[in-house]
Amino acid sequence: VGKWSRAAAQQALSEDVLLEFEPFGNLTLVHITDIHAQLMPVYFREPSINLGAGAAAGLPPHVSGSDFLKLYKIEPGSPHAYTLTSEDFAALAKTYGKMGGLDRIATIIKRIRSARGDNMLLLDGGDTWQGSYTSLKTKGQDMVDAFNALAPDAMTGHWEFTYGADRVQEIIEGLSFPFLGGNIYDAEWNEPAFDAYKMFEKGGVKIAVLGQAFPYTPIANPRWMFPNWSFGIREEDVAKNVESARAEGAELVVLLSHNGFDVDRAMASRIEGIDVILTGHTHDALPEPVLVGKTLLIASGSHGKFLSRLDLDVRGGEVKGFRHRLIPVFSDVITPDADMTKLVADLRAPYEAELKRELATTQGLLYRRGNFNGTFDDLICQALLEVREADIALSPGFRWGTSVLPGQAITVEDLHNACAMTYPAAYRSTMTGQMLKDILEDVADNLFNKDPYYQQGGDMVRVGGMGYAIDPEGAMGSRVSKMTLLKTGEAIDSAKEYAVAGWASVNEATEGPPIWEVVETYLTSHKVVTPEENRSVEIIG
Amino acid sequence: FIAMAGLGVGPAAAAAEDTEKKIMDFTGGKAPESGKISLTAPEIAENGNTVPITVEVESAMTGDDMVQSVLILADGNPNPEVATFNFTALSGTAAATTRMRLAKTQSVIAVAKMADGSVFMDKKEVKVTIGGCGG
Amino acid sequence: MATSKPRVKVPKTASAGETVVIKTLISHEMESGQRKDKDGNVIPRKIINRFTCEFNGQPVFSCDIDPAISANPYFEFSAKVPESGTFKFTWVDDDGSTYTDEQKIEVK
Ligand SMILES: [Mn+2]
Ligand SMILES: [Mn+2]
């Protein structure tokens, strides 16, 4: 721990410094994941609270803010403090600028390809096709076109499936690389529906890349959109596939995973023979690999902020050594690749006017990530309470969505970065206090269950109009207390009914206007919004 | 994000002693050992109305080394009984898969009775959840 | 009432003594007897209560079924194939009806 940052901190920010990398060993893995359809550079604030449960408590990635800076010996205010933590984010964002952009990413990949020749694999961990206005309008086609141009060697997925089974199949048939998912089964006949792994030969090394899609896709997202596919962790299948890949001669076994970091950490300790896990889904960015037994866990962040480069020396069927860098994609420092700039501009051209349309101005930072609150979700909840005339608002604890800096206009693009999805209906219904409690307890257990195999990897459902206290270490059913209706200050009555508005229901035929219409109505009537620190969730225990 | 449909609250869940009694009726009063039998089920049910479960029992399935039957129970359903699989020498392998209903989070239990009278048990907790959030 | 149509997957061929995997599905609502209609009356139980598989008249696998088995019951199991012959599958309904299917397998 620490070597990475000292080296980086001593040097000024320049493209050569960012990308300088003495090649090592005989092959290179490049990992990108959870870009959530961000073609352009973005602001993205990392979480200030990211608690771990059970054995993972206090271990990376469950370290945030100043603790993270201390752990990795990163200087506050440095470029790496800006990219990896929430500390002083708004101010540092003005200094260091936006992150990502597919044309910058293309530059980095081309540079590594030219240094490594064919001895390289580019692997995409999924959550690639969803998360922006243009991806929603094109049903993911903009991302498919852009990634076909990047030419990855394989991908797996999660939010991809929310375009529905037919669309997913249509896209996959046209991909120039495999979509892997050994844990996706045909639900009717109980047999694998996707290829589990693909063998490659690079640098004289036989490599097996296993794909693991998000195990809880049919629970976290609408199952009715892909009723014939069943997912799950299926640890025994992963173990079996590792074994059969080794039997086919694999000298290096790579799990391209959308399990979420804690599930991957557990899997690495329980399954023999995986050399590298390229983690995804939980959006963690770690400057150094985490080593579990002999398995290297790589966490490459989200939204195009980072790429991971992992050079490996594989000899005699064994990893003899590695060199790793989490490459931060500073958009003002890295030269855009002209071909990709043009492709992205062409993809966005039909929507450009609408993307730029300004809805309101924010006086404070809008962000989403954090276990309990984010100002962007507070804004969505306020809009739901006001526009849908509800007592209580619920907004799902998604980890995708970009940030808007204080003083900036909130555009249609910014709004869609927080809510572009295929089941956006903003419902209004009545729920008893008991139902609300059951929902909070259930989501809390999906986030804080001590056994990572029972975790789903989102954040806590965001609540407007109601305060509560939570003990993350508590048992299922007893974490949540002190539920209070904020407008009256009264305790929530388990038998009483409340008007509840929310969005992104996984139930089929949910009725209501799309969430972006609700938030647009709110923003255009207020013109200026002033996000404040949310004090209605008390963390206890 | 809310999906609470489909699980319909039924009569009170099977009491632990009811489940225990069903096991003892099946084994003839013998307490099952662990080992030999493995029950595979998802950690979290995608749909409480149709949860896939697989049982496999180590056995040559010839001569005396034979699995007679496997009892499946669920200790949190209105009634604990789920199914009984009966195997023969022509089964080749003592393994079977089916799909079952789970009213709520609970343990699924599989008990194997061998030809020599020995009994083995495995158990797996399956969570039934509301779901709906994600990264 | 809806007809209960069985579907079965059996390999067409096997080598002598090979153990093959068989998959069966039958469309059936599996009314558990625990649900109530909108007037509060219990909807009577009506399930498939037994499934059997035979090979050339000899028992291979059977299952005694309770209402906790899902609608459209699915069974996957294995069968040792000593010789060419016919698998016979039978589903028994609470109402006394039985549904059957037969599949040939050739030993090569
Ligand atoms: Mn994901
Ligand atoms: Mn993601």
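## Helix pair H8 and H13

In chain A, Asp142(A), Asp145(A), Ala146(A), Ala149(A) and Leu150(A) of H8(A) meet Met340(A), Leu343(A) and Leu347(A) of H13(A). Sorted by class, this contact between H8(A) and H13(A) holds 6 nonpolar residues, no polar residues and 2 charged residues. The model is a predicted one.

Helix H8(A) covers residues 141–150, and helix H13(A) covers residues 338–348. Their axes come within 10 Å and cross at roughly 170°. Angles over 145 degrees count as roughly antiparallel, so H8(A) is roughly antiparallel to H13(A).

## The six-stranded sheet

Chain A has an open sheet of 6 strands. Their order is S8-S9-S11-S12-S14-S13, and the pairing is mixed. S8 and S13 of chain A are the edge strands, each pairing on one side only. From one strand to the next, the twist averages 25°.

Start at the S8 edge. S8(A), residues 197–202, pairs with S9(A) in the antiparallel sense over 6 bridges. Lys202(A) stands opposite Val205(A) in S9(A). The two strands S8(A) and S9(A) form a hairpin, with 2 residues between them. Gly203(A) sits in the turn and has a positive phi of about 60°.

On to the next pairing. S9(A) and S11(A), residues 252–257, pair in the parallel sense, again over 6 bridges. Here Gly211(A) has Leu256(A) in S11(A) as its bridge partner. Is S9(A) buried or exposed? Residues count as buried under 20% relative accessible area. In S9(A), residues 205–212, 7 of the 8 residues are buried, so this strand is largely enclosed by the rest of the structure.

At the other edge, S13(A) and S14(A) run antiparallel and are joined by 3 bridges. S14(A) spans residues 295–299. Val290(A) has Leu297(A) in S14(A) as its bridge partner.

## Helices on that sheet

Which helix lies across S8, S9 and S11 of chain A? That is H11(A), residues 235–247, and H11(A) runs at about 160° to S9(A).

Helix H12(A), residues 261–270, also packs on the sheet. H12(A) touches S9, S11, S12, S13 and S14 of chain A. The direction of H12(A) makes about 170° with that of S14(A).

## The manganese site

Which residues are the protein donors of the manganese ion (ligand 2)? They are Asp34(A) through OD, His36(A) through NE2, Asp127(A) through OD and His283(A) through NE2. These donors lie 2.0 to 2.2 Å from the ion. Along the chain, they follow the spacing D-x1-H-x90-D-x155-H. Asp127(A) bridges the manganese ion (ligand 2) and the manganese ion (ligand 1). The two ions lie 3.4 Å apart.

His36(A) and His283(A) link distant parts of the chain, 247 residues apart. His36(A) is in the loop between S1 and S2 of chain A. His283(A) is in the loop between S12 and S13 of chain A. With a cut-off of under 20% for buried, His36(A) counts as buried because its relative accessibility is 1%. His283(A) is buried too, at a relative accessible area of 2%.

## The four-stranded sheet

A further open sheet in chain A has 4 strands, in the order S20-S25-S18-S21. The pairing is mixed. S20 (426–432) and S21 (462–464) of chain A are the edge strands, and each pairs on one side only. Direction ignored, neighbouring strands are turned by 25° against each other on average.

S18(A), residues 392–395, and S25(A), residues 497–503, pair in the parallel sense over 3 bridges. Ala393(A) has Ala501(A) in S25(A) as its bridge partner. Helix H15(A), residues 375–387, packs on this sheet and touches S18, S20, S21 and S25 of chain A. The direction of H15(A) makes about 140° with that of S18(A).

## Chain C

How many helices and strands does chain C have? The count is 0 helices and 8 strands. From the N terminus on, the elements run β-β-β-β-β-β-β-β.

The C-alpha trace of chain C spans about 60 × 20 × 20 Å along its principal axes. Chain C has 108 residues, and buried residues make up 45% of them. Among contacts in chain C with a separation of 6 or more, 58% come from residues 24 or more positions apart.

Note on methods: Residues are numbered from 1 along each chain as its sequence is written. Chains are lettered from A and ligands numbered from 1 in the order in which they are written. This is a predicted model: local features need pLDDT of at least 70, side-chain atom pairs count only at pLDDT 80 or more; totals for chains, interfaces and linings use all residues. Side-chain values use heavy atoms; hydrogens and water are left out. Axes are lines fitted to C-alpha atoms, for helices over the stretch in contact, and angles run from 0 to 180 degrees between N-to-C directions. Angles under 35 degrees count as roughly parallel, over 145 as roughly antiparallel, 65 to 115 as roughly perpendicular and the rest as oblique. Contact means heavy atoms within 4.5 Å. Ala, Val, Leu, Ile, Met, Phe, Trp, Tyr, Cys and Pro count as nonpolar, Asp, Glu, Lys and Arg as charged, and the others, Gly among them, as polar. Buried means under 20% relative accessible area, exposed over 50%, partly exposed in between (1.4 Å probe, protein chains only). Two strands pair if DSSP finds at least two bridges between them. Donors are N, O and S atoms within 2.8 Å of the metal (3.2 Å for Na, K and Ca); water is not among the atoms, so sites may look incomplete.
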